[in-house]
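Here is a set of short exchanges on how labels are earned from coordinates. Look at the model, then follow the reasoning.

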Amino acid sequence: MDFLHDILLRPFMDMAAQPDFFIQVIWEGFVAGILYALIALGFVLIYKASGVFNFAQGIMVVFAGLTLVGLHEKGVPAWLALILTIGVMALLAVCIERFVMRKLVAQPDIILLMSTIGMTYFLVGLGEFVFGGEPKQMITSELGLPTGSTAVEFGERGLIIFQHIDIAAAVIAIVMVAALAVFFNRTRIGRALRAVADDHQAALSVGISLNQIWAIVWFAAGIVALTTGIMWGARSDVSFALEIVALKALPVLILGGFTSIPGAIVGGLIIGIGEKIGEIYWGPLVGGGIESWLAYMIALIFLLFRPQGLFGERIIERI
Amino acid sequence: MFYREVGQFKTSYAADQQVFPIRQDRIGVAVILLVALVVVPWAGNDFFLSAIAIPFLVLALATIGLNVLTGYAGQLSLGTGGFMGVGAYACYKLVTLFPDAPIVLHVLLSGFAAAALGIVFGLPSLRIKGLYLAVTTLAAQFFFEWCFIRVPWLYNYNASGAIEVPGRSMFGVTLTGPSASSTARYYVVLLVVIVLTVLVKNLIRGRIGRQWMMIRDMDIAAELMGVRPLHAKLSAFAVSSYLCGVAGAMFVFFYLGAAEPSAFSVTLSFQVLFMAILGGLGSLVGSFFGAAFIWILPILLRWGMPLVGMPLPSETVTQLTSMIVGALIIVFLILEPHGLARLWQIGKEKLRVWPFPYA
């Protein structure tokens, strides 16, 4: 009975007893969820346009962050480093399209997946080779990002602390999603991207260059990766440990469906908030640290009821 | 000229259905077995046996395990490392609970623990397919990793949190622990791998294996033709996890000697997946090729780079190795997406019609 009580009642009593702490937990989860959603966004962009499950998105985040910080360490001013990093991501996108994707057209999913893991190995080696393997401090203030925090009074004695960088992260994420939505829906290239996502062959037949589109999509994913790298780097620091964290984007994708941008956002928030609440209120029962797998379990349970994810396109199978 | 089945007539079904129907193949296999059983232990030094041959065989077995699931039954898995860990920890528990039983028995039994968990985590595969399923196997991977850290019972409440292999002997020969000779360990691993490979080969040739392949090629059609997906998929998960579990147990007991939870991280899963894919999905001989390629290539690079006049610090070598391996994997996928096993097959075809370009 005690155990049941601990599982079913105690956490909720804790939540009610300290509402300010509960809101703080939700806020932390919300911010983590936004970062997951940003990583997942990179996956979705590429999956939609080329059907490639881009495992390298995590390392692209690290690589972009490392390039930015590394350039700044070498004496390049922050704004120039940012522009150069964007250039590097563009170059990377062109190289990936030219030397990998173009050669692997029409291969089965698993081969494409493996090629992105191969890219991961390559980028890990390259990043460590050029910039060194030790964690680096993100150049937050040099980039003009806010630091410090605001404490908001809540109720009679509660206090909720908002880190400014977290608020900035949320705002930037929203702006970026909005920009992507406009880009996809209002521009010529965006329409071409959607055409390619719908049907490669039909897009080819009306004169859309697949190669060009893929390079653009990888570049867009690179920009998303850079933003994620800056935000995440500002919260902790830029290190290769991020690569494992980036795997969290997978349950997010599962929840949202591989092809849906709103799905990535909603999935990210569900996973971020769910795992923080689980970790804080239920984690101590089993010894803590359940954050590492809780997200996957949440996704697994969701999948059992909706195999295509929350927003994914319905899977129709034919013989 | 030499490799040709002309004149080899089959007069019975048994002869027609044997694993190696061509005489030259049988001779080749016998030669390989002879080399593995006699020449390698005789000619190889301690370093070769313990750092190359033993892990190669163990990882080849894990690759076969993954190949059963991904290559034959078509269920993509990223949790191989976790299941190997389950085998290793199960074996460790068995060894400490029943110290008198022979170690090989422990190793073979520990696979069943992995198989049972494999069935549990295989259940979602009845509803989930493809890349979505891969993520659910990642759930298994991270859950197991967490268990290895947070459940002290698994490592007998060690202060270090790692499992250390106790010295055990069989028939008067020390097989595990620091004092075991590399030759003895090599023989145990080799025999286990040979026996299990033969068993898997026959499983695949038989009814169960054909069902796996039907499920892989098109599960709905297979279901309509009377294959029960529940049985086929779960048996694939069970067999695959069993092999991975045994491989994991051997990985710790005959190769590493002691293991921390990080030994069975998701990196190991990817490594084994690479072995399966580069070797060739759905091919047993490919599993050995893939394991050899992925395991031995970095070792060669680490050795070779200083030899060609690049005296580099060791971390630079590691970084360059990572880059070269990554690039080679991509190159390989582009040149031969069906893996080394396909190259092997093409080579055999060419040999058959040699000296003519076609027959």
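**Helix α14 of chain A**

In this predicted model, the buried residues of α14(A) are Ser292(A), Trp293(A), Leu294(A), Ala295(A), Tyr296(A), Ile298(A), Ala299(A), Leu300(A) and Leu303(A).

Q: What covers the buried residues of α14(A)?
A: The cover includes α12 and α13 (261–282) of chain A. It also includes α6 (130–150) of chain B.

Q: How do you know that the span of α14(A) agrees with its 15 residues?
A: Take 1.5 Å a residue. The expected span is 21 Å, and the end C-alpha atoms of α14(A) are 22 Å apart, so the two agree.

**Buried or not**

Q: Why is Gly65(B) called buried?
A: A residue is buried if 20 or more other C-beta atoms lie within 10 Å of its own. Gly65(B) has 33 such neighbours, so it counts as buried. Gly65(B) is found in helix α3 (residues 46–72) of chain B.

Q: Which residues does Gly65(B) contact, leaving aside neighbours within four places in sequence?
A: Ser240(B), Leu243(B), Cys244(B) and Ala247(B). As for distance, the C-alpha atoms of Gly65(B) and Thr80(B) are separated by 8.4 Å, with their positions 15 residues apart along the chain.

Q: Why is Val88(A) called partly exposed?
A: The label falls between two cut-offs: 20 or more neighbours for buried, 12 or fewer for exposed. Val88(A) has 17 C-beta neighbours inside 10 Å, so it counts as partly exposed. Val88(A) sits in helix α5 (residues 78–101) of chain A. Its C-alpha atom is 9.9 Å from that of Phe63(A), and the two are 25 residues apart in sequence.

**The nonpolar core**

Q: What makes a set of residues a nonpolar core?
A: The members are buried nonpolar residues joined through C-beta atoms within 7 Å. The largest such core here has 208 residues. Those with the most contacts inside it are Ala37(A), Ala40(A), Val217(A), Val58(B) and Met250(B).

Q: Which residues does Ala37(A) touch, not counting those up to four places away in sequence?
A: Ala173(A), Val252(A), Ala264(A), Ile265(A), Gly268(A) and Leu269(A).

**Whole chains**

Q: How do you know that the radius of gyration of chain A agrees with a compact globule?
A: With 319 residues, such a globule would have a radius near 20 Å. Chain A has 21 Å, so it agrees. Chain A has 14 helices and two strands. Buried residues make up 45% of it.

Q: How do you know that the radius of gyration of chain B agrees too?
A: For 359 residues, the rule gives a value near 21 Å. Chain B has 21 Å, so it agrees. Chain B has 14 helices and four strands. Its C-alpha atoms fill a box of roughly 65 × 60 × 45 Å along the principal axes.

**Where the chains touch**

Q: How many residues does each chain give to the contact?
A: Chain A gives 38 residues and chain B gives 35 residues. On the side of chain A, α6(A) gives the most, with 15 residues. That side divides into 27 nonpolar, seven polar and four charged residues.

Q: What confidence does the predictor give the complex?
A: An ipTM of 0.80 and a pTM of 0.86. Chain B averages a pLDDT of 85, and 97% of its residues score at least 70.

Conventions
Residues are numbered from 1 along each chain as its sequence is written. Chains are lettered from A and ligands numbered from 1 in the order in which they are written. This is a predicted model: local features need pLDDT of at least 70, side-chain atom pairs count only at pLDDT 80 or more; totals for chains, interfaces and linings use all residues. Two residues are in contact if their C-beta atoms, placed from the backbone, lie within 7 Å. Ala, Val, Leu, Ile, Met, Phe, Trp, Tyr, Cys and Pro count as nonpolar, Asp, Glu, Lys and Arg as charged, and the others, Gly among them, as polar. pLDDT is the predictor's confidence in each residue, from 0 to 100. The expected span of a helix is 1.5 Å times one less than its number of residues. The radius of gyration is taken over C-alpha atoms; the globule rule is 2.2 Å times the number of residues to the power 0.38.
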